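Visitor: I'm new to this one, and I'd rather see one part of it properly than all of it in a hurry. Could you pick a stretch with strands in it and walk me through how they sit together and what packs against them?

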Amino acid sequence: MARLQIRNLEKTYANTFKAVHGINLDVKDGEFMVLVGPSGCAKSTTLRMIAGLESISGGEIVIGDRVVNRLQPGARGIAMVFQNYALYPHMKVRKNLSFGLRLMRTPKAEIERKTAEVARILEIEPLLDRLPKELSGGQAQRVALGRALIKQPEVFLFDEPLSNLDAKLRASMRVRITDLHKRLKAEGLSSTVVYVTHDQTEAMTMGDRICVMKDGHIMQVADPKTLYDKPANAFVAGFIGSPEMNLVEGRLEGARFHLGAQAVTLPAELMARLKPHSGRVTLGIRPQHLGVNEGPGLQAQVVGAEFMGHEVVLHLAVDGVRLVAVLPAADYAGLDHGAMVNLTLDPGMTHVFDETGANISLAQSH
């Protein structure tokens, strides 16, 4: 196992485009760190720089106690699992697993022992004599995992490894990978992981901590609950959570938030957390924390509904601004298209963002 440190890491291409802007990240020994963000945020570029597959323009990458900037990928103590599995099509699973060890001239008995052990851990023993073309997507992904695991690296790197699988298989593989990480960690084996995905469900369910990126910058690094409950800025608030957080621009005057022709008094609990501010702000509240007909509040009109079985996703309009609320299916009666409702805010889960996007409702929280 090993700690991974990224210090002031930069990437500028020959055409002067700067993809990564001096980021800093500390991945603890044995931690499962997820890099998440929209396409083009430089999460895969960052991972490739860690792996040595992409040159860096500035800063340092430290694995364990070694600065690895100038080391070749094979000398960095890493193993990488790619999106396309990258299995050798002419080799059976057994040889795909052991290929790296054979290149290192590992003794035959050791190769056989490690191959058997990895096959047992990943439950792929019946597949050892098959060719890659004879495997399902999930089986091929497990073989790719095994080929990384057998090297016993200091750091595992995953580059969107589940994106080619269907939804049901993705869910199964998420559980399998996180379970494998916990088992390796418990046994004192290699378990430091950096995992890249654009899928926030993967990020929230798999990561010990999550690094949210945008345009080559780190927006926030925190555990999943903190990201969800206390987003540092409007970008993180809007990116994390499904359905996404309602972000409504308006004007704040004292304790009154003005939206179009309406105004609502913000709860005292929220005002106590709020850094003194007036003028244009963005109010943020998750659909699950928006009350419908639970008291006086903003008047809204129902413009649509999605029945999800145990709950309903309600689409609303407030003076031309669209909002989404999620409520139990049992509370949906009478909320047909065109119905007028009152929207109330959960004071403990309402956020206020200033013009820069910073969450000023966290400024005085403890």
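Guide: One term before we start: two strands count as paired if DSSP finds at least two bridges between them. Keep in mind, too, that what you're looking at is a predicted model.

A small piece makes an easy start. Strand β4 (residues 58–63) and strand β5 (residues 66–67) are joined by 2 bridges and run antiparallel. You can find one of the contacts by eye: I63 has R66 in β5 as its bridge partner. The two strands make a hairpin with 2 residues between them. Look at G64 in that turn, where phi is positive, at about 65 degrees. β4 also pairs with β1, antiparallel again, over 5 bridges. There, R7 has E60 in β4 as its bridge partner.

Now for the part I'd like to linger on. Find the open sheet of 6 strands, which reads β6-β7-β8-β3-β9-β10 across and has mixed pairing. Its edge strands are β6 (78–81) and β10 (217–222), and each of them pairs on one side only. From one strand to the next, the twist averages 20 degrees. For a parallel pair in this sheet, try β7 (residues 155–159) and β8 (residues 192–197), which share 5 bridges. V155 is a handy landmark, standing opposite T192 in β8.

So what packs on this sheet? Helix α1 does, touching β3 (32–36), β6, β7, β8 and β9 (209–214). The direction of α1 makes about 145 degrees with that of β7. Since 7 of the 9 residues of α1 (residues 43–51) are buried, the helix is largely enclosed by the rest of the structure. The buried ones are K43, T45, T46, L47, M49, I50 and A51. Right after α1 comes G52, with a positive phi near 90 degrees.

Helix α4 (residues 137–149) has its place here as well: it lies across β6 and β7 and runs at about 175 degrees to β6.

Next, the rings. A pair of aromatic rings is described by the distance of the centres and the angle of the planes. F156 and F158 form such a pair, with 6.4 Å from centre to centre and 35 degrees between the planes, which counts as tilted. F156 is buried, because its relative accessible area of 6% is under the 20% cut-off. F158 is buried too, at 5%. These two rings belong to one aromatic cluster together with F32 and Y195.

It's worth stepping out to the loops for a moment. Most residues other than glycine have a negative phi, and most peptide bonds are trans. Against that background, T16 stands out with a positive phi of about 75 degrees, although it is not a glycine. T16 sits in the loop between β1 (4–12) and β2 (18–27). Is T16 buried or exposed? It's exposed, with a relative accessible area of 65%. R105 is another non-glycine residue with a positive phi, near 60 degrees. You'll find R105 in the loop between α2 (93–103) and α3 (108–121), and R105 is exposed as well, at 76% relative accessible area.

As for the peptide bond, go to the one from S242 to P243: it is cis, with omega near -5 degrees. P243 lies in the loop between α8 (234–239) and β11 (246–253).

To place all this in the wider picture, the domain assignment gives domain 1 as 4–229 and domain 2 as 244–365. Their centres, taken over C-alpha atoms, are 39 Å apart. One more contact to look up is between R286 and Y228: the charged end of R286 sits over the ring of Y228, 4.0 Å from its centre.

If you want a second sheet to set beside the one we've been studying, look for the open sheet of 5 strands in the order β15-β19-β16-β17-β18, with antiparallel pairing. β15 (290–292) and β18 (321–328) stand at its edges with a single partner strand each, so one side of each is left without a neighbour in the sheet. Neighbouring strands here are turned by 45 degrees against each other on average, direction ignored. Finally, 3 bridges join β15 to β19 (residues 340–345), and L290 has L345 as its bridge partner there.

How values were computed. Residues are numbered from 1 along each chain as its sequence is written. This is a predicted model: local features need pLDDT of at least 70, side-chain atom pairs count only at pLDDT 80 or more; totals for chains, interfaces and linings use all residues. Side-chain values use heavy atoms; hydrogens and water are left out. Buried means under 20% relative accessible area, exposed over 50%, partly exposed in between (1.4 Å probe, protein chains only). Helices (H or I, at least four residues) and strands (E, at least two) are DSSP runs, numbered from the N terminus. Domain bounds come from an automatic or database domain assignment. Axes are lines fitted to C-alpha atoms, for helices over the stretch in contact, and angles run from 0 to 180 degrees between N-to-C directions. Contact means heavy atoms within 4.5 Å. Rings of Phe, Tyr and Trp (its six-membered ring) pair if their centres lie within 6.5 Å; planes under 30 degrees apart count as stacked, over 60 as edge-to-face and the rest as tilted. A charge sits over a ring if NZ of Lys or CZ of Arg is within 6 Å of the ring centre and within 35 degrees of the ring normal.
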